[in-house]
Amino acid sequence: MTETHRQSVKFYYSPGSRSSTVLWMLEELGAPYDIELINLKAGAQHSPEYLAVNPMGKVPAIAHNGAVVTETAAICCYLADAFPHAGLAPAIGDPLRGPYLKWLFYGPSCIEPAMIDKAGDRPPTPRGMTGWGSYDLVIETLRGAVGNASPYLLGERFTTADVVVGSTLRFGMGFKIIPELPEFVAYAKRLEERPALQRQIAIEADYARQITG
Ligand SMILES: N[C@@H](CCC(=O)N[C@@H](CS)C(=O)NCC(=O)O)C(=O)O
């Protein structure tokens, strides 16, 4: 184990938020981490101490080895590279690195804004100038990719792309802003068989209880 592996990740976390994705990622990696609970309901994200970590006042964030990283997909990408023994990122030079990065970016740049369109019932913007095209286009694209996932987005190999896209899909279906298409449900079920995701769900439930008292 290198020094980088040994150093614990400080994880700014709130249950029931995008930080769940990072919690799942840390559990997949078996990385050492310490949770700093940011109670969003109590407004802790706006405290001067937390704004010094993330001026956006949003979770998740991590601090590791002298670096602060924010943005869920960037954090997951960073962690996969920082803890390579888990094999969750195809190496630079591996042809799988291309589709891997594509799906990592597709989560926040296409799936998320499409979901917000749906949740906010936003009027459609011209498809040509909208990076994600449209909600329907994103759903159809995902349906194709997830339908062909055997069993994962990159084939046999489970990667961080499954954590980012799978987490977003599970969240979207949970909030009824992504339809429970058979392809999505079957993929989510495969992911839920993973012990790391089961641990994340259990840890999350404990923290949610702590916050609601
Ligand atoms: N682009 C950010 C979004 C983070 C985000 O919006 N987090 C929400 C929780 S899911 C948050 O912290 N909300 C609290 C607030 O904005 O006051 C990411 O991908 O990490």
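Let's start in the sheet of this predicted model, at Tyr 13, whose bridge partner in β2 is Leu 37. That pairing belongs to a bigger match: strand β1, residues 9–13, runs alongside β2 in the parallel sense, and five bridges join the two. Zoom out and you'll find four strands in an open sheet, ordered β2-β1-β3-β4, with mixed pairing. At the edges sit β2 (33–37) and β4, each of which pairs on one side only. From one strand to the next, the twist averages 20°. Helix α9, residues 195–212, packs on this sheet and touches β1 and β2. The direction of α9 makes about 30° with that of β2.

Now head to the β4 edge. β3 and β4 pair in the antiparallel sense over four bridges, and His 64 stands opposite Ala 67 in β4. Together β3 and β4 make a hairpin with two residues between the strands. Have a look at Asn 65 in the loop between β3 and β4 (67–70). Its phi is positive, about 55°, although Asn 65 is not a glycine. What makes that worth a pause? Most residues other than glycine have a negative phi, and most peptide bonds are trans. As for its surroundings, Asn 65 is partly exposed, with a relative accessible area of 44%.

There's another residue like this further along the chain. Lys 176 isn't a glycine either, yet it has a positive phi of about 60°. You'll find Lys 176 in the loop between α7 and α8 (182–192). With a relative accessible area of 60%, Lys 176 counts as exposed.

While we're in the loops, check the peptide bonds too. The bond from Val 59 to Pro 60 is cis, with omega near 5°. Pro 60 sits in the loop between α3 (48–53) and β3 (61–64). A second cis bond leads from Ser 150 to Pro 151, with omega near -10°. That proline, Pro 151, is in the loop between α6 (135–147) and α7.

Next stop: helix α2. Is it enclosed or open to the outside? Count the buried residues and you get 11 of 11, so α2 is largely enclosed by the rest of the structure. Among the buried residues of α2 are Val 22, Leu 23, Trp 24, Met 25 and Leu 26, but also Glu 27 and Glu 28. Just after the helix ends, Gly 30 takes a positive phi of about 65°.

Glu 27 deserves a closer look. It's part of helix α2, residues 19–29, and its relative accessible area is 13%; anything under 20% counts as buried, so Glu 27 is buried. Which residues does Glu 27 touch, leaving aside those up to four places away in sequence? They are Tyr 33, Ala 196, Arg 199, Gln 200 and Ile 203. Leu 197 is 170 residues away from Glu 27 along the chain, yet their C-alpha atoms are separated by just 7.4 Å.

Finally, let's see how some of the helices pack. Two packed helices are described by the angle between their axes and the distance between the axes. Take helix α4, residues 72–82, with α5: the angle is about 150° and the axes are 9 Å apart. That makes α4 roughly antiparallel to α5. In this contact, Ala 73, Cys 77, Ala 80 and Asp 81 of α4 meet Arg 97, Tyr 100, Leu 104 and Pro 108 of α5. By class, that's six nonpolar residues, no polar ones and two charged.

Helix α5 (residues 97–119) has another partner in helix α7 (residues 160–174), where the axes come within 8 Å and cross at roughly 15°. How do α5 and α7 run, parallel or antiparallel? Angles under 35 degrees count as roughly parallel, and therefore α5 and α7 are roughly parallel to each other. Their crossing is left-handed. On the α5 side, the contact includes Trp 103, Gly 107, Ile 111 and Met 115, while α7 brings residues including Ala 161, Val 164, Thr 168 and Phe 171. Sorted by class, the contact of α5 with α7 has 10 nonpolar, four polar and one charged residues.

Note on methods. Residues numbered from 1 in each chain as written. Predicted model: local features only at pLDDT ≥ 70, side-chain atom pairs only at ≥ 80, totals over all residues. Heavy atoms only, no water. Buried < 20%, exposed > 50% of the residue type's maximum accessible area, 1.4 Å probe, protein only. Contact = heavy atoms within 4.5 Å. Axes fitted to C-alpha atoms, helices over the stretch in contact; angles between N-to-C directions. Parallel < 35°, antiparallel > 145°, perpendicular 65-115°, else oblique. Left-handed = near helix turned anticlockwise from the far one by under 90°. Nonpolar A, V, L, I, M, F, W, Y, C, P; charged D, E, K, R; others polar. Pairing = 2+ DSSP bridges.
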